[in-house]
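Please open the model in your viewer and keep the sequence panel beside it, since each stop on this tour begins with a selection.

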Amino acid sequence: MDKRLSQIVDFCRLIDKEKFIQRRTYLTDGNRLENDAEHAWHMAVMVLLLKEYANEKIDTLKVISILLIHDLVEIYAGDTFAYDEAGKQSQRERELAAADKLFSQLPEDLCNYMRSLWDEFEAWETPESKFAHSLDNFQPTMLQNASNNRSWRECNRKLSEVLRRNEKTALGSQPLWDFMKEVFIANGLESGALSKDV
């Protein structure tokens with residue numbers, strides 16, 4: 001038996017667990033929450049459609065690769081909700097440990113490759129990682145809008161929280177950030193799903 005192939009297949013089986021990690025964003029019909037795998041797939045396709053809106057020239061395949069693996073560590077670390085301030089305190093430590101555990105199950109060359117993509121996303125330094133982060137913020141806000149802002153309503157979300165959560169979105173794509181503000185966030189305010197801070 002091919003040991004390398006067996007190891008890769010075991011990893012492919014393991015990452016199926018990403019489909020069970022529930023996010024806090026409703027799908028467009030507002031009836032159920034999306035999972036991490038759906039989120040990653042959606043953004044990967046969006047790269048192909050929105051790449052012209054990146055602030056800088058990007059390697060499209062690299063952005064897709066980053067987005068497809070950026071949340072795999074949540075198989076061990078769990079999903080940290082964007083507005084969970086307490087959870088964010090330990091997020092980095094949990095995700096680093098998860099990355100070590102997860103990617104080490106691959107042959108060394110693939111471990112290094114996958115880990116380098118994950119580290120690049122986390123560092124926010126390259127045009128690809130910045131655009132990946134822009135899409136990681138844009139996609140849930142788009143679904144928020146499509147689902148009649150359901151989770152914003154349920155959580156009594158404030159405008160300042162949404163702006164703070166998305167404060168770096170423009171680093172990868174100013175046009176996407178402008179669209180988010182002018183369409184998605186404006187709709188949240190107009191519909192009463194987002195409250196202005198008093």
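Select the start of helix H3 (60-69), where a side-chain oxygen of Asp59 reaches to within 3.2 Å of the backbone nitrogen of Leu61, a polar contact in the sense of a pair of N or O atoms within 3.5 Å, of which, within protein, one must be able to donate a hydrogen and the other to accept it, with residues adjacent in sequence counting only if both atoms are side-chain atoms. Helices (H or I, at least four residues) and strands (E, at least two) are DSSP runs, numbered from the N terminus. What you have open is a predicted model, in which local features need pLDDT of at least 70 and side-chain atom pairs count only at pLDDT 80 or more, while totals for chains, interfaces and linings use all residues. Residues are numbered from 1 along each chain as its sequence is written, and side-chain values use heavy atoms, with hydrogens and water left out.

Now extend the selection to the whole of H3, which is mostly covered, as seven of its 10 residues are buried (under 20% relative accessible area, with exposed meaning over 50% and partly exposed in between, for a 1.4 Å probe and protein chains only). The buried residues are Thr60, Val63, Ile64, Ser65, Ile66, Leu67 and Ile69. Centre on Thr60, which touches Val47, Leu48 and Lys51 when residues up to four places away in sequence are not counted; contact here means heavy atoms within 4.5 Å. For a sense of scale, draw a distance from Thr60 to Gln91: the two are 31 residues apart in sequence and 28 Å apart in space, C-alpha to C-alpha.

Add helix H2 (residues 36-50) next. The axes of H2 and H3 come within 8 Å and cross at roughly 170 degrees, which makes H2 roughly antiparallel to H3. Axes are lines fitted to C-alpha atoms, for helices over the stretch in contact, and angles run from 0 to 180 degrees between N-to-C directions; angles under 35 degrees count as roughly parallel, over 145 as roughly antiparallel, 65 to 115 as roughly perpendicular and the rest as oblique. To display the contact, show Ala40, Trp41, Met43, Ala44, Val47 and Leu48 of H2 together with Thr60, Val63, Ile64, Leu67 and Leu68 of H3.

Stay with H2 and look at its start, where a side-chain oxygen of Asn35 reaches to within 3.0 Å of the backbone nitrogen of Ala37. Which residues of H2 are buried? They are Asp36, His39, Ala40, Met43, Ala44, Met46, Val47 and Leu50, and they cover an arc of only 165 degrees around the axis, which puts them on the same side of H2; the arc is that of the directions from the helix axis to the C-beta atoms. The face turned away from the buried side of H2 carries the exposed residues Trp41 and Leu49. Among the elements against which the buried residues of H2 pack are strand E1 (22-26), strand E2 (33-35) and helix H7 (127-146).

Return to H3 and add helix H6 (108-123). H3 and H6 pack at an angle of about 90 degrees, with their axes 9 Å apart, which makes H3 roughly perpendicular to H6. The contact is made by Lys62, Ser65, Ile66 and Ile69 of H3 and by Tyr113, Met114, Leu117, Trp118, Glu120 and Phe121 of H6.

Move on to Trp124, in the loop between H6 and H7. Trp124 has a positive phi of about 60 degrees although it is not a glycine. Most residues other than glycine have a negative phi. From there select H7, of whose 20 residues 16 are buried, so that H7 is largely enclosed by the rest of the structure. H7 is followed by Asn148, whose phi is positive, near 60 degrees. Asn149, in the loop between H7 and helix H8 (150-155), has a positive phi of about 55 degrees and is buried, with a relative accessible area of 0%.

Two loop residues close the tour. Arg157 lies in the loop between H8 and H9 and is buried, with a relative accessible area of 7%; the side chain of Arg157 makes a polar contact with the side chain of Glu161 (3.3 Å). Finally, select Asn166, in the loop between helix H9 (159-165) and H10, which is buried, with a relative accessible area of 4%. Asn166 touches Asn137, Thr141, Trp177 and Met180, not counting residues up to four places away in sequence.

Methods. The expected span of a helix is 1.5 Å times one less than its number of residues.
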